[in-house]
Amino acid sequence: MLNSIVDRLDVSQVLASYKGGGNSCFHPRMMLKVLLYAYLNNIYSSRKIERQLQEHIHYMWLSGGARPDFRTINYFRGKRLKDSFDAIFTQVVELLHSEGFVSLEVQYIDGTKIESVANKYTFVWRGSIETYDTRLREKTRRILSEAEEVLEMESHETRPDEELSVEEFQARTSRIKEKMNSTDVPKKIKKAVEKTAKEYIPKMLEYERALDIMGKRNSYSKTDEDATFMRMKEDAMKNGQLKPGYNIQIATENQFITNYAVYHRPTDTLTLIPFLESFEKRYGRQSRVVVADSGYGSEQNYEYLFGPNLIPYVKYNMFHQEQKRKYKKNAFLVQNLFYNPKGNYYVCPMGQYLFFIREEKRKSDAGYISQVSIYRAAKCLGCPVRGLCNKAMGNRQIEVNHTLNRYKEKIRYMLNSEEGIFHRKKRPVEPEAVFADIKEAGKFRRFRLRGINGVGIEFGLKAIAHNIKKIAACRGKYGFGWDNLQKVISNYAKNPFLKHEGSLRVA
């Protein structure tokens, strides 16, 4: 079946990467079949794949007796597929869609972290770089100022709140060295200026490069600069050690992977919007329904989700807590205080008014600006239940994001609807079951290629292999052939809320 599926794919983009001439090469379609079959059988090492081509009859049949070595396999995987693999994955999903296995009308989204091939002790931290860079710049500034004073040169010192660039430090040092060649200066000053030119300025350039590589991240690995240090669930030492890795986001439907993307950020919140945009770019359309857990619930995401024609079932972080009796009966929680929208004030259980004070703007890590309203009570002194309500020294003060609260109210209603409950029940057995199959059953816990492009190819191969395995499971259960496809659809796509025309069609 893998053979027939790959034969239906258009690999012209891969073929276009071959310049022609020279020795004959292995056909990319054959190489793709071998790689997918290896990933299907949880074999990821290029050396082990080479051995299978020499020993295993299935690999021999797929390759037609050809025996590419491990270098050829690794080069094809990491280089040849670099610009064309995304289109190959899209073709496989479109094939699933044409055969009725997926409708592309719903996305069950979740993420997981997978360790990079990078050495876990080659970390570079933003905090350390910025601290060392600040100290080095201050030390260099003092040395150059002292040298200029001794040489009676015009000072190029800036105000304390202004920083010289590395180029300006270099130019300033060059001017001082030129002046020193024609003037006698103390040996100590001359030695310090020479050290600045040979050691300090190159070190500044090194720090500057490190910050450029890091971008908006807090860390990266020296042996895989695209990898970010994250906390992994797989912690063998159980010491909470951060490891270099990637945040993998997937969308599933009927446990088929319909989209995937690789991100540097360890948190899921800031990946949702670019991930949904990647789905639309991949298929030229957006799904009707988006389902995700509380890790994706934020004001920025809700603003995007309620914009286009999307139906979001995306939890926020306190959704399940709000359903509990203890939460509902706690009258002192901000969410349970009485609010008068006309007068714009809150009332505590003891009848104390919390009046509006001011509005503040808060900026997220992604640059999104939220507006928060501040309310403060007039007199909490002497309140008999103050210990239950407020532990601060002064009057109670609360912060309320009214925009986010309105989004939460809509989401709460949708999640508790009949369709919302259906999707909430189905979500844990969609992407989470797929991750379990890939990471646990498939032993896919660490990448072997470096860089975000290589990681994307490697996970994509595993995603296609997973989808092929799901098709094989369907055909094995209902008969080897497409005759019983309607039975497959009825079993794998039981969704009473996707009844519109074209959602589950048979080719």
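A residue counts as buried when its relative accessible area is under 20%. By that cut-off, 47% of the 507 residues in this protein are buried. The model is predicted.

**Overall make-up**

The protein holds 20 helices and 13 strands. Take the contacts between residues at least 6 apart in sequence: 65% of them join residues at least 24 apart. Three parts of the fold follow: a sheet, a helix with a buried side, and a pair of crossing helices.

**The five-stranded sheet**

Five strands form an open sheet. Their order is β9-β10-β11-β12-β13, and the pairing is antiparallel. The edges belong to β9 (338-340) and β13 (397-400). Each of these two has a single partner strand, so one side of each lacks a neighbour in the sheet. On average, neighbouring strands are turned by 35 degrees against each other, direction ignored.

At the β13 edge, the partner is β12 (residues 369-377). The two strands run antiparallel and are joined by 4 bridges. One bridge pairs Arg376 with Gln397 of β13.

**Helix α17 and its buried side**

Helix α17 spans residues 418-426. Its buried residues are Glu419, Gly420, Phe422, His423 and Lys426. They lie on the same side of α17, because they cover an arc of only 160 degrees around the axis. The face turned away from that side carries the exposed residues Glu418 and Lys425.

What do the buried residues of α17 pack against? Three strands and one helix, as listed here.

| Element packed against α17 | Residues |
|---|---|
| β1 | 106-115 |
| β7 | 289-292 |
| β8 | 311-314 |
| α16 | 402-415 |

**Where α3 crosses α6**

Helix α3 covers residues 28-40, and helix α6 covers residues 70-80. Their axes come within 11 Å. How do the two helices lie to each other? The axes cross at roughly 95 degrees, which makes α3 roughly perpendicular to α6. Angles of 65 to 115 degrees count as roughly perpendicular.

From α3, the contact uses Pro28, Met31, Leu32, Leu35 and Tyr39. From α6, Thr72, Ile73, Phe76 and Arg77 meet them. By class, this contact has 7 nonpolar, 1 polar and 1 charged residues. The charged class includes Arg, and here that residue is Arg77 of α6.

Methods: Residues numbered from 1 in each chain as written. Predicted model: local features only at pLDDT ≥ 70, side-chain atom pairs only at ≥ 80, totals over all residues. Heavy atoms only, no water. Pairing = 2+ DSSP bridges. Axes fitted to C-alpha atoms, helices over the stretch in contact; angles between N-to-C directions. Buried < 20%, exposed > 50% of the residue type's maximum accessible area, 1.4 Å probe, protein only. Arc of directions from axis to C-beta. Contact = heavy atoms within 4.5 Å. Parallel < 35°, antiparallel > 145°, perpendicular 65-115°, else oblique.
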